[in-house]
Amino acid sequence: MHLSKAISRAMRYLLYACCTAATAVCAQTYPAKPITLVVPFPPGGGSDLMGRLIADGLAPRLGQQVVVENRGGAGGSIGTGVVANAAPDGYTLVLASTSEIAINPSLYPDLKYDTLKDLTPVAMVGTTPMVVAVNPELKVADLKQLVELARSQPGKINVASAGTGTITHLSGDLFRSINKLEWVHVPYKGTAPALSDLMGNMVSVMFVPPPATLGPAAAGRIKLIAVSGDTRIPALPDVPTVSESGISNYSVNNWYGLFAPAGTPEAVLNTLSSAVADALKDKKVLDTLAKQGGEAGTLDRKQFSAYVADEVAKWGKVAKQAGVKPQ
């Protein structure tokens, strides 16, 4: 860690030490003004949807406006870094996902934050599995047949992703590694162009978040053969899980969580965590998540912190095995 960064963090801690020492007072007064929720991607994507959903749920429960601020760039690292270096007072938060928290540390050597030291997990907001989508021209009826085809034709199947090092890339590469397959990774600049080429049969397979697949699948332009989580999802009740397809030792969820700068007082973190938990009981929130193929987070703050640490280790290992080069 650079000395200047250590000094900056120390100054932030000192500035808010009085609030930390008087947590009862903090709990009574927080929040006293609007809260900024940074979404580290442009409007319109999955992170933006999740951020605005939880912002709408938090506002009435906290009694203050929760303003969503989109700060995209560098795979979500720019917006996440802004919050990691913000004042630890609970008024600047980030809605971050697997990529920004667990994958980016392996991609960006000059990352402006340390996931486990500069950010504090507040609450898991939601999870979505990946969906294994194939072009209908690929003659496979299920995931087991895809594995058999890949083994019989090593290096012949092209697998698309939204970019090198993204969850769409590494979730597929983890599956490839576990099943000892050989295929060709074809990275794109985003989910949309990758999915377009999948529909056009320029590539054959893609591991992709559910929301992007629902329309094309309904139109018969792609075929969904498995979901990567432990259970089926309401949005795709007829699509089996990977384990149901006869493939073991593989489970991937793309998760979204609320994070605050390290050093945020416990009383503030507890207030936020409780508000998120209450918002995630709301039927409107649950229905919206379900329609997007997601589920509400179920981990408490301590469990989520342990989960984040495990995810950082897991995806760092996957990125290394995949030979992902720093960006």
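Let me start on helix 13, where K283, K284 and K291 are exposed on one side, exposed meaning over 50% relative accessible area, buried under 20%, and partly exposed in between, with a 1.4 Å probe and protein chains only. Before going on, a word about the model: it is predicted, so local features need pLDDT of at least 70 and side-chain atom pairs count only at pLDDT 80 or more, while totals for chains, interfaces and linings use all residues. Residues are numbered from 1 along each chain as its sequence is written, and side-chain values use heavy atoms, with hydrogens and water left out. Helices (H or I, at least four residues) and strands (E, at least two) are DSSP runs, counted from the N terminus.

Back to helix 13, then, which covers residues 283-291. Which of its residues are buried? They are V285, L289 and A290. Those three span an arc of only 130° around the axis, so they sit on the same side of helix 13; the arc is taken from the directions from the helix axis to the C-beta atoms. The lysines K283, K284 and K291 are on the other side. And what do the buried residues pack against? Helix 4 (46-62), helix 12 (266-279) and strand 11 (295-296), where contact means heavy atoms within 4.5 Å.

The ends of this helix deserve a look too. At the N-terminal end, D282 acts as the cap, with a side-chain oxygen 2.8 Å from the backbone nitrogen of K284. That fits the polar contact criterion: a pair of N or O atoms within 3.5 Å, where within protein one must be able to donate a hydrogen and the other to accept it, and residues adjacent in sequence count only if both atoms are side-chain atoms. Just after helix 13 comes G293, with a positive phi of about 80°.

Strand 11 takes us to the sheets. It belongs to an open sheet of 6 strands with mixed pairing, in the order 2-1-3-10-4-11; two strands pair if DSSP finds at least two bridges between them. Strand 2 (66-70) and strand 11 are at the edges with a single partner strand each, so one side of each has no neighbour in the sheet. Further in, strand 3 (residues 92-97) and strand 10 run antiparallel, with 4 bridges between them. S97, for instance, has Y256 in strand 10 as its bridge partner.

Now the other sheet on my list. Here 5 strands make an open sheet, again with mixed pairing, ordered 7-6-8-5-9. Strand 7 (184-187) and strand 9 (223-227) are the edge strands, pairing on one side only. From one strand to the next, the twist averages 30°. Strand 5 (residues 131-134) is antiparallel to strand 9, and 4 bridges join them; V132 faces A226 across that pairing.

Two helices lie across this sheet. Helix 10 (residues 191-199) crosses strand 5, strand 6 (158-161) and strand 8 (205-208), at about 145° to strand 8. Helix 11 (residues 210-218) crosses strand 5, strand 8 and strand 9, at about 130° to strand 8. For those angles, axes are lines fitted to C-alpha atoms, for helices over the stretch in contact, and the range is 0 to 180 degrees between N-to-C directions.

On to the interior. In soluble globular proteins, nonpolar side chains tend to be buried together. Here the largest nonpolar core has 49 residues, and L143, L146, F175, V205, F259 and W315 have the most contacts inside it. A core here is a set of buried Ala, Val, Leu, Ile, Met, Phe, Trp, Tyr and Cys residues joined through side-chain atoms within 4.5 Å. Helix 14 (residues 301-322) gives the most to this core, 6 residues. Another core, of 31 residues, lies apart from it and includes A123, V125, L272 and A275.

V147 is worth pointing out as well. This residue is in helix 8 (residues 143-152) and is buried at 2% relative accessible area. Beyond its neighbours within four places in sequence, V147 contacts F175, L181 and I247.

Last, some backbone details. Most residues other than glycine have a negative phi, and most peptide bonds are trans. Where do the exceptions sit? N201, with phi near 65°, is in the loop between helix 10 and strand 8 and is partly exposed at 37%. N249 also has phi near 65°, but it is exposed, at 69%, in the loop between strand 9 and strand 10 (253-261). Finally, Y30 and P31 are joined by a cis peptide bond, omega about -5°, with P31 in the loop between helix 3 (23-29) and strand 1 (35-39).
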